[in-house]
Number of protein chains: 2
Amino acid sequence: MELLKQRIVEDGIVKPGNVLKVDSFLNHQIDVELLNAIAAEFERIYGDRPISKVFTIEASGIAVACVVAQRFGVPLVFAKKAQSINLDGESFTTRIESYTHKRVYDVIVSKKYLSASDHILIIDDFLANGCSLDGLIDIAETAGATIEGIGIVIEKSFQLGGTQIRKRGYPLASLAIIEAMDAETGEIVFA
Amino acid sequence: MELLKQRIVEDGIVKPGNVLKVDSFLNHQIDVELLNAIAAEFERIYGDRPISKVFTIEASGIAVACVVAQRFGVPLVFAKKAQSINLDGESFTTRIESYTHKRVYDVIVSKKYLSASDHILIIDDFLANGCSLDGLIDIAETAGATIEGIGIVIEKSFQLGGTQIRKRGYPLASLAIIEAMDAETGEIVFA
């Protein structure tokens, strides 16, 4: 998606440790116009699938997933990190390791909101080593839901999450795939 | 807002400890059609204000704030809980106590995304004792931003956050105000 790649080149900042900061438009300040264009692109890719729900994980996936759900005209379900006293009863749970936050999270989804009758589109802002996405897939499979597609805004293909998930046969579309980036020069190479 | 109140009566669940669960449509599974109607209502209330940014806090405020930002055609900025290695440089910080999660959070906003030139609309899903909202107001005031309005989806007026914030002179609009609720009978009384 050219508009997105241009924006990454213009406003993304490469930091040491394979960190790409897109805080100015994607995950701290959010350019909602760009999200509209991103949602339109996911609709172009997955619009023929019988999507019943969009599925993501808090927190930074929520905004993009919300606009995608709006475009598909279906509810959004987001997985929650850690137990909350506002969630009771039976939940699907899994455990994910956050590369960004250097910690392990328990992730939960109420069984009321994901079931074997659901056809889901999984949406997330980033795919690097794939821990978050593995967690979402794990929950979806445990629920028996059909994964109709996975939509990622930015994939870092030099980390192996995307490769492994494609090998497992899931339909995975990333709107910008970064093959290499250099914290010293700031250079970003797209696939 | 009648549509919202009806939905709360139909699908909200009153739990002991003054907890209202609206997980089925607002903060776990999200009815995006309802968010569109909520955003339209906030536009009706604050549409004449010169809003430059919508401001909220992760995680459950993001979805509603995103759809409001979309309707106003402005960026969304969300405050982040706890330090992330993806946020560097200078940040505004404050500390909030979560009633729901029974813990204290450090909350940060990059100085790049909130400034004295901003006219903001603060949006959140819930207002009870007001700790989250106090934190957002604190950050906005430190940044020198003008608070043009505050929009809350559900206010529990038997807790005192809303009363205190109105006393301080902020324009605060809550789309559903709950005056009393009973966990035994499930009854919800709107103001």
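# Strand E4 of chain B and the contact between the chains

Author: In this predicted model, strand E4 (residues 53-57) of chain B is mostly covered, as 5 of its 5 residues are buried.

Reader: What makes a residue of E4(B) count as buried?

Author: A residue is buried if 20 or more other C-beta atoms lie within 10 Å of its own. In E4(B), 5 of 5 residues are buried, so each of these residues meets that cut-off.

Reader: Which residues lie on the two sides of E4(B)?

Author: Lys53(B), Phe55(B) and Ile57(B) lie on one side, and Val54(B) and Thr56(B) lie on the other. These residues are all buried, and both faces of the strand are thus covered.

Reader: Why are E4(B) and E8(B) called paired strands?

Author: Two strands pair if at least two bridges are found between them. E4(B) and strand E8 (residues 119-127) of chain B have 3 bridges, in the parallel sense, and therefore they satisfy the definition. Within this pairing, Phe55(B) stands opposite Ile122(B).

Reader: How many bridges join E4(B) to E5(B)?

Author: There are 4 bridges, and E4(B) and E5(B) run parallel. Here Phe55(B) stands opposite Val77(B).

Reader: What makes the unit of E4(B), H3(B) and E5(B) right-handed?

Author: The term applies if, with the strands pointing away from the viewer, the path from the first strand over the helix to the second runs clockwise. E4(B), H3(B) and E5(B) make a right-handed β-α-β unit, so the path from E4(B) over H3(B) to E5(B) runs clockwise in that view.

Reader: Which elements of chain B supply residues to the side that touches chain A?

Author: The contact takes 31 residues from chain B and 31 residues from chain A. On the side of chain B, strand E2 (19-21), strand E3 (29-30), helix H3 (61-72) and strand E5 (76-81) each supply at least two residues. The largest share, 6 residues, comes from H3(B). By class, this side has 16 nonpolar, 9 polar and 6 charged residues.

Reader: Which strand of chain A pairs with E5(B)?

Author: Strand E3 (residues 29-30) of chain A pairs with E5(B) in the antiparallel sense over 2 bridges. Ile30(A) has Leu76(B) as its bridge partner in E5(B).

Reader: How do you know that the two copies are related as by a two-fold rotation axis?

Author: A turn of 180° and a shift of 0.0 Å along the axis lay chain B on chain A with an RMSD of 0.0 Å. The copies are thus related as by a two-fold rotation axis.

Reader: Why is it said that the copies meet through the same surface?

Author: The reason is that 100% of the interface residues of chain B are also interface residues in chain A.

Technical notes:
Residues numbered from 1 in each chain as written. Chains lettered and ligands numbered in written order. Predicted model: local features only at pLDDT ≥ 70, side-chain atom pairs only at ≥ 80, totals over all residues. Contact = placed C-beta atoms within 7 Å. Nonpolar A, V, L, I, M, F, W, Y, C, P; charged D, E, K, R; others polar. Least-squares fit on C-alpha atoms with pLDDT ≥ 70 in both. Buried ≥ 20, exposed ≤ 12 C-beta atoms within 10 Å, placed from the backbone.
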